[in-house]
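Thanks for coming. I will walk through one model today, strand by strand and helix by helix. Please have the sequence and the coordinates open.

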Amino acid sequence: AFGVIADIQFADAEDGYDFGGCRRRYYRHSLRLLREAVRAWAGESPPIDFVLQLGDSIDGQNARRGEAESALQQVLEVLGQLSVPVHHAWGNHELYNFSRAQLVRSGLYSRPAGGSDGPADQECHAYHCSPAPRLRLVVLDSYDVSTLGTDPGSLRYQEALRVLREKNPNEDLNSPEGLKEPHFVAFNGGFSQAQLDWFDEVLKSSDENQEKVIVIAHLPIHPSASNGVCLAWNYEAALSVLHKHGCVVCVLAGHLHDGAYCLDSHGVHHLTLEGLIETPPESNAFGTVYVYEDKMVLKGRGRIPDRVMRF
């Protein structure tokens, strides 16, 4: 069993609204709701084995307020009350607050030391582990190719900007206005070829060992588990790697605060979790997932519905 939560986006700030100005965001309350989630997970019987934090743990406005470090510390302190590992995906809001080099030195770097469990690039926050026999968890870095959190003089930034500009002629690169492929916006990102090659090798090994694989990333990688905008730039490339193998049973993502779900044509469940940040204080948005031989059962709290995902 494991806990799952997405888009906490904590800031010690008054309630605000999304970029469109119409969706309320409860910045301060998100920490209280996280505490409630941690208390619930700590009381689970049998106990949970780990927690998946699907990215955007703190809000981008912390950077402007000079409070990035303290906001992150508060979130990590709450999660640290659990006696189990927490696996973190990196989202756009982490990269609004910190450079990739800073994130590597932070408590959000959950990739195991040594590097053999992930791609050669140590700043790529992708890795795999086996939390139970015949079960593998793969964490993907959906901002491996991105203009966020990278030095504008670097090759990584220049390449990401080239990809983005090719698809998005808008002056505001966060605007999907008029785009044929509206997911090519700056608040999304993509997977490098090196990460995709590594992912392919991990899944090949899981096929051989007859493992079930759960994949997590901040960005959804299936259009039907998205609103068309909140999607990895090269989601097709990630899906084609995934569909070459029979081992993946579920992909968990965040980013789209409304949440979404689909069962794809290859029998893979794609679950995008509702965001904590847009959850009213009297509700909540987290879940506990129970893994069986033939299914995963999500027991949701608040905005997150219960779900049975068979495989």
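Two strands count as paired if DSSP finds at least two bridges between them. Helices and strands here are DSSP runs, H or I of at least four residues for helices and E of at least two for strands, numbered from the N terminus. This is a predicted model, in which local features need pLDDT of at least 70, side-chain atom pairs count only at pLDDT 80 or more, and totals for chains, interfaces and linings use all residues. Residues are numbered from 1 along each chain as its sequence is written, and side-chain values use heavy atoms, with hydrogens and water left out.

I start with strand β12, residues 285–291. Strand β1, residues 2–5, pairs with β12 in the antiparallel sense over three bridges. Within that pairing, G3 has T288 of β12 as its bridge partner. β12 also pairs with strand β13, residues 295–302, again antiparallel, over seven bridges. In that pair, F286 stands opposite R301 of β13. The connection from β12 to β13 is a hairpin of three residues.

How many of the seven residues of β12 are buried? Five are, so the strand is mostly covered; buried means under 20% relative accessible area, exposed means over 50%, and partly exposed is in between, with a 1.4 Å probe and protein chains only.

Next, the open sheet. Six strands make it up, in the order β6-β7-β8-β9-β11-β10, with mixed pairing. At the edges are β6 (127–132) and β10 (260–263), each pairing on one side only. On average, neighbouring strands of this sheet are turned by 15° against each other, direction ignored. For angles, the axes are lines fitted to C-alpha atoms, for helices over the stretch in contact, and values run from 0 to 180 degrees between N-to-C directions.

At one edge, β6 and strand β7 (residues 135–139) run antiparallel and are joined by four bridges. There A132 stands opposite L135 of β7. Helix α7 lies across β6, β7, β8 and β9 (248–253), and runs at about 175° to β7. Contact, here and later, means heavy atoms within 4.5 Å.

After α7 comes a loop with two residues to look at. N209 is in the loop between α7 (193–208) and β8 (212–216). N209 is partly exposed, at a relative accessible area of 45%. Q210 is in that loop between α7 and β8 too. Phi of Q210 is near 55°, a positive value in a residue other than glycine. Is Q210 buried or exposed? Q210 is exposed, with a relative accessible area of 64%. As for distance, N209 and S99 are 110 residues apart in sequence, and their C-alpha atoms are 37 Å apart in space.

Now helix α3, residues 68–79. The expected span of a helix is 1.5 Å times one less than its number of residues. For the twelve residues of α3 that gives 16 Å, and the end C-alpha atoms are 17 Å apart, which agrees. Which residues of α3 are buried? They are A68, A71, L72, V75, L76, V78 and L79. These cover an arc of only 160° around the axis, so they sit on the same side of α3; the arc is that of the directions from the helix axis to the C-beta atoms. An α-helix has 3.6 residues a turn, so residues three or four places apart point the same way. On the face turned away from the buried side, α3 carries the exposed residues E69 and E77. The buried residues pack against α1 (29–42), β4 (50–53), α2 (61–65), β5 (86–88) and α4 (92–97).

Two loops around there have backbone points to check. P46 is in the loop between α1 and β4, and the peptide bond from S45 to P46 is cis, with omega near 0°. D56 is in the loop between β4 and α2. D56 is not a glycine, yet has a positive phi of about 60°. D56 is buried, with a relative accessible area of 2%.

Last, R100, which is found in helix α5, residues 100–104. R100 is buried, with a relative accessible area of 1%. Its side chain makes a polar contact with the side chain of D141, at 2.3 Å. A polar contact is a pair of N or O atoms within 3.5 Å; within protein, one must be able to donate a hydrogen and the other to accept it, and residues adjacent in sequence count only if both atoms are side-chain atoms. Leaving aside neighbours within four places in sequence, R100 is in contact with residues including W90, E123, H125, D141, Y143 and R156.
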